[in-house]
Amino acid sequence: MGLLDCNAQILPSSTTLNAQKMESRTETIKMDIGPSPSFPMERKVHIQISGRQIIQTKLRKSCSCTTKRLKNVVMDFFPVLRWLPKYHCREYIWGDVMSGVVIGIILVPQAIAYSLLAGLKPIYSLYTSFFANIIYFLMGTSRHVSVGIFSLLSLMVGQVVDRELLLAGFDLNDDDDAINCYAIGVATHPLVLTLLLFFQVLMGVFRLGFVSMYLSESVLDGFATGASLTILTAQVKYLIGIKIPRSQGHGILLTTWINIFRNISQANQCDVITSVVCIAVLVAAKELGDRYKQKLKIPLPTELVVIVVATLVSHYGKLNEVYASSVSGAIPTGFIPPQLPNFNMMHRVALDAVPLAIVGFAFTISLSEMFAKKYAYTVRANQEMFAIGFCNIIPSFFHCFATSAALAKTLVKSSTGCQTQVSSVISAVVVLLVLLFLAPLFYSLQKCVLACIIIVSLRGALRKFRDVPQRYHMNKVDTLVWCVTVFSSALISTEMGLLIGVLFSMLCIVVRTQRPRTALLGQIQSTAFYEDDWEYESLCPVPNAKIFRFEAPLYYANKDFFLKSLYRMTGLDPTLEAAKRKKNEKKQKEHLKEGNRGTIVKGSDQADTALHLVPKQVDFQTIIIDCSSVTFLDTAGIITLKEILKDYNELKITVLLACCNPSVIDSLKRGDYFGKDCKKMHELLFYSIHGAVQFARDRKLLADGSAV
């Protein structure tokens, strides 16, 4: 029978010689494979390099300045320098131009519409769309992502804008020129939020791209859906043309709906009719586009058509003058001179920058990786952090606000034949034409039309509610995470919703490791394999042995659950059993002492007393712990296993470990689980469950033979 041998000699093989050349030595571990002969497995023990040496090596490599290294650094920072010289003009140009023009046409109405969410004038949204596309073209690693105005970030920026205006003592419902001029000035103050998004750049410098993995799909979907409810609620007042106070703080959704119903009698009939017609046209066009998207080479520019027609109707019908319908107002042309943001407000908006940075990066890297996988290329998460960070930092000097990748525009971009980020330059040119020449034409555009565009664009996020039954069927825990994130984002606030979603998601992981699945295993007939006796039928119990499986790492948070499950499933708590035996021994001694004193006891009473004093016999002599699902042990886990070994050994019950991975074995060695110099390792640790079972059977036979 092949057992683990901790002190075996090094085998003189070619593998060993090669390993020695790599400055590592090997130790031979004999592994059992059931009934077949044993074979040696060589465990490499690598020479560990100190942390100081690693840091010195990295600093030496990073600080070396050569022409080649400088060139690589520049080309890594500006990926466009790598792929643009290899651009296949004949193959790519038509798809890039087509997708760029389409996205540019879509960007214009969306930028004007999302300005309502951000609490800014439409010109700032157009600036943001223009600069973001240019910078991502230079620094982004994704070929298909469309960076620009994003509804969630616009909403988050708008909440900060409203808060600062209220702190300045202004009525947010006033529309006179003086208030608007001051509001524009105040609105540029929170643009330091975007400068504070250097947090994204710092994450790229320190290679913290891995943090995106903590934002699970359930959290991101729930956050987007919950924020969509808030966005929809914020647009209802524009749909029906009423003026209500803007809510601040927590519970915005409920407060806004209460104010809407209180002021519903003041609804503007012109805005209501316009909203009904626009929503009907937009929804019908979207449904037709989805149904016939395979036949349509480019998506229908429905938003642009609706805006053009609505603007013409509003202008020639004089809806603002006759029906007091709210319109967009004057949109200036050209660019405002750049200026430094107001750093005096830095301390007041610093906390608001953190969720903006995290949300912007999370959605960007998720979309980048999704489309990179679809079209078989790679993206660099840390470079994406740089790209999005600079898409926010540099434009902040040009009166722009927070931006990131947007799913809807990215889907349109890929479906219209986009090949590279050259399409972003084309989109920027389209926006530039609007900024220079066409912006004043949107003066008479009703705000209710913009609200309709925003609400219809939320269809995808709101349809997530239909997927709840399917999501619940797939994974109940993920569904719970999604629901908690949705309702906390909608009912509390968007920032708190994201934080609560992440924390709750992590809590679910901790809880699942605290109370993992446990099982007693039985043998599959005539095989060397063992499975859960609760889940499978016709499994054979192993005589005189209990095989226990624990499906989680063993650490401080679940060690008590591990012990309770082991005691419950084996039917034996060694601590209580030892206490009972000591108590019985004490009673037996007292009984014998009384007998020696000549106490007269009846025969039947004496037999009953003797039977009561005999401890209950245990129907097993071996416990095998299947460690195949134990990924790691901490100090508490090692101590727990050592206590189990000691307590059961006192009851003459052997504890064997099987299927341990190398890291678990190393932890047990460091904790002296196998005794000094691992002398007992070959008796306590086995490569397979079947090897441990055979060892227990052989030892039982030897014990029986010696007894005979």
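Two cavities of 30 Å³ or more are held inside this structure, which is a predicted model. The largest cavity has a volume of about 310 Å³, and a good way to find your bearings is to look at what surrounds it. Its lining is made of 21 residues, and those nearest the centre are Leu155, Asp162, Ala234, Lys237 and Arg246. Four helices, α5 (89-118), α7 (151-167), α11 (217-240) and α12 (252-262), each supply at least two residues of this lining. Among the contributors, α11 gives the most, with 6 residues.

From the cavity, we can step along the chain to Ile264, which sits in the loop between α12 and α13. Is Ile264 buried, exposed or partly exposed? With a relative accessible area of 44%, Ile264 is partly exposed, because that value falls between the 20% limit for buried and the 50% limit for exposed. There is also a link back to the cavity: the C-alpha atoms of Ile264 and Lys237 are 9.2 Å apart in space, while the two residues are 27 apart in sequence. Lys237 is one of the residues nearest the centre of the largest cavity.

Further on, helix α13 (residues 269-291) contains Thr274. This residue has 15% relative accessibility and so counts as buried, since buried means under 20%. Which residues does Thr274 touch beyond its neighbours within four places in sequence? They are Gln446, Cys448 and Val449.

Those partners bring us to the parts of the chain that carry a record annotation. The unreviewed UniProt entry marks residues 92-116, 145-162, 182-206, 353-372, 384-405, 425-458 and 479-507 as "transmembrane region". Two of these spans make a useful pair to look at in the model. Residues 353-372 are 100% helix and 0% strand, with their end C-alpha atoms 28 Å apart. For residues 384-405, the span is 45% helix and 9% strand, and its end C-alpha atoms lie 11 Å apart.

Helix α18 (residues 407-415) is the next stop. Its buried residues are Lys409, Thr410, Val412, Lys413 and Ser414. Just after α18 comes Gly417, which takes a positive phi of about 95 degrees.

Next, look at helix α19 (residues 422-438), where Val422 is found. Val422 counts as buried, because its relative accessibility is 15% and the limit for buried is under 20%. Leaving aside neighbours within four places in sequence, Val422 is in contact with Trp83, Leu84, Tyr87, Asp96 and Phe137. Its C-alpha atom is separated by 9.7 Å from that of Leu138, a residue 284 places away along the chain.

Moving on, strand β5 (residues 518-524) includes Thr518. Thr518 is buried, with a relative accessible area of 13%. Not counting neighbours within four places in sequence, Thr518 is in contact with Phe548, Arg549, Phe550, Phe561, Ser565, Arg568 and Met569.

Our last close look is at strand β10 (residues 654-658). How many of its residues are buried? The strand is mostly covered, with 5 of its 5 residues buried. Thr654, Leu656 and Ala658 point one way, whereas Val655 and Leu657 point the other way. This fits a general pattern: in a regular strand the side chains alternate between the two faces of the sheet.

What pairs with β10? Strand β9 (residues 622-626) runs parallel to β10 and is joined to it by 5 bridges. In one of these pairings, Ile625 has Leu657 as its bridge partner in β10. Together, β9, helix α28 (residues 635-650) and β10 make a right-handed β-α-β unit. Strand β11 (residues 685-686) also pairs with β10, in the parallel sense and over 2 bridges. Here Ala658 has Phe686 of β11 as its bridge partner.

Finally, let us step back to the protein as a whole. Its secondary structure comes to 31 helices and 11 strands. Of its 708 residues, 47% are buried. Among contacts between residues at least 6 apart in sequence, 79% join residues at least 24 apart. Val422 offers an example of distant parts of the chain meeting in the model, with Trp83 and Phe137 among its contacts.

Conventions:
Residues are numbered from 1 along each chain as its sequence is written. This is a predicted model: local features need pLDDT of at least 70, side-chain atom pairs count only at pLDDT 80 or more; totals for chains, interfaces and linings use all residues. Side-chain values use heavy atoms; hydrogens and water are left out. Buried means under 20% relative accessible area, exposed over 50%, partly exposed in between (1.4 Å probe, protein chains only). Contact means heavy atoms within 4.5 Å. UniProt positions are given in the numbering used here, feature names are shortened, and annotations may be inferred rather than shown by experiment. Two strands pair if DSSP finds at least two bridges between them. A crossover is right-handed if, with the strands pointing away from the viewer, the path from the first strand over the helix to the second runs clockwise. On a 1 Å grid over the protein atoms alone, a cavity is a set of points where a 1.4 Å probe fits but cannot get out, and a pocket is an open set with protein on both sides within 12 Å along at least five of seven lines; lining residues have an atom within 4 Å of a point. Grid points are joined across faces, edges and corners, and a volume is the space filled by probe spheres set on the points.
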